[in-house]
Amino acid sequence: RSLVGRVDLHADLTVTDVQSMTGSGVASGTTELGELRIELRSVNGRSLALKQRLGQDLMGLEPLFEAQVRRQLARGTVTLHAERLDSVVTLPDQELLEQLLARMRELARNLGLPEDFSLRDVLSQGVGTSRRLSPDIRVLPAEVGALLAAAIADLRVSREAEGAATLAAMRKHVDEFEACWQQVKERAPKVVENHREKLLKRLREVLQAEGVAIEPADVVREV
């Protein structure tokens, strides 16, 4: 029977059937949190293990990132990197700044401090507030989620390419094994016959030396 009779790598498997767990995926773009870059790197693993390396201002997204990755990936040891790319900060709208200024003035009055706030003071507080994630965030912002999905899709493409290379290598090895197997099938009967002739020759020599006479047919039958 052919060596590839049980699993025909040429007919039974396709590229999509053999996906490597090794690969990488990257996506970057504008989101509700500014310009982000998300990168996923994956190596072999029996189950899904996720490690995250997030920028300090993205730490609150850890459980949300993990939930989405687990919905879309099943296996591999995956490392997720996420960082901000934008150096220009988007200013809060005027209404938010006015509300912030009112609270700052109220706090100053309560503390008996002068209300001499500059625009820079208000903006520094407003920008810092706008960039911080809510500590009780429950839903991944839509654009951030879409960016993560794009990175995961890119990872899948990379895994499929790695799987295609693996499948090609497997097929090459199977072809080599098949060629060797054909040679073995051709040589096996000759090897058996050669050993039989050698054994008969040696047996005849022993019997002749001992002066024992046995019918040739009996010798052949025993051997």
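Start by selecting β2 (34-43) and β4 (residues 76-84): 8 bridges join β2 to β4, and the two strands run antiparallel. Strands here, like helices, are DSSP runs numbered from the N terminus (E, at least two residues, for strands; H or I, at least four residues, for helices), and two strands pair if DSSP finds at least two bridges between them. For one rung of this ladder, pick S42, which stands opposite V78 in β4.

A word on what is on your screen: this is a predicted model, in which local features need pLDDT of at least 70 and side-chain atom pairs count only at pLDDT 80 or more, while totals for chains, interfaces and linings use all residues. Residues are numbered from 1 along each chain as its sequence is written, and side-chain values use heavy atoms, with hydrogens and water left out.

**The rest of the sheet**

Keep V78 selected and add L50, which also stands opposite V78 in β4. Now bring in the whole of β3 (48-54). It is joined to β4 by 7 bridges, and this pair runs parallel. Further along, R53 stands opposite H81 in β4.

Next, select β1 (23-31). Here 9 bridges join β1 to β2, and the strands run antiparallel. A hairpin links them through 2 residues. Click on G23 and look across to β2, where its bridge partner is S42.

With all of these strands shown, you can read the full arrangement: 4 strands form an open sheet in the order β1-β2-β4-β3, with mixed pairing. β1 and β3 stand at the edges with a single partner strand each, so one side of each is left without a neighbour in the sheet. Ignoring direction, neighbouring strands are turned by 15° against each other on average; axes are lines fitted to C-alpha atoms, for helices over the stretch in contact, and angles run from 0 to 180 degrees between N-to-C directions.

**Helices on the sheet**

Show helix α1 (residues 62-72), which packs on the sheet and touches β2, β3 and β4. Contact means heavy atoms within 4.5 Å. The direction of α1 makes about 145° with that of β3.

Then add helix α4 (residues 142-210), which lies across β1, β2 and β4 and runs at about 155° to β1.

**Salt bridges, from strand to helix**

Go back to β2 and display the side chains of R37, E39 and R41, which are linked in a network of salt bridges. A salt bridge is a side-chain nitrogen of Lys or Arg within 4 Å of a carboxyl oxygen of Asp or Glu. Between R41 and E39, the closest N and O atoms are 2.8 Å apart.

Which of these two is buried, and which is partly exposed? E39 is buried, because its relative accessible area is 10%, whereas R41, at 47%, is partly exposed. The classes are buried under 20% relative accessible area, exposed over 50% and partly exposed in between (1.4 Å probe, protein chains only).

Now move to α4 and select E205 and R202. They lie 3 residues apart in this helix, about one turn, and form a salt bridge with the closest N and O atoms 3.6 Å apart. R202 is exposed at 52% relative accessible area, while E205 is partly exposed at 39%.

Another pair to show is R196 and E197, whose closest N and O atoms are 3.9 Å apart in their salt bridge. R196 counts as partly exposed at 28%, and so does E197 at 38%. A search of the whole structure finds 8 salt bridges.

**A nonpolar patch**

Select L107, L111 and L113 and turn on the surface. Together they form a nonpolar patch with about 310 Å² of accessible area. Patches are made of residues with over 30% relative accessible area and no salt bridge, joining like charges within 9 Å and nonpolar side chains (Val, Leu, Ile, Met, Phe, Trp, Tyr) within 5 Å. Areas come from the Shrake-Rupley method with a 1.4 Å probe, and for residues only the protein chains shown count as cover. L113 sits in the loop between α2 (94-111) and α3 (119-131) and is partly exposed at 48%.

**Zooming out**

Finally, show everything. The protein chain has 5 helices and 4 strands, running β-β-β-α-β-α-α-α-α from the N terminus on. Buried residues make up 27% of its 223 residues. The chain exposes about 15,200 Å², with carbon and sulfur atoms supplying 53% of that.
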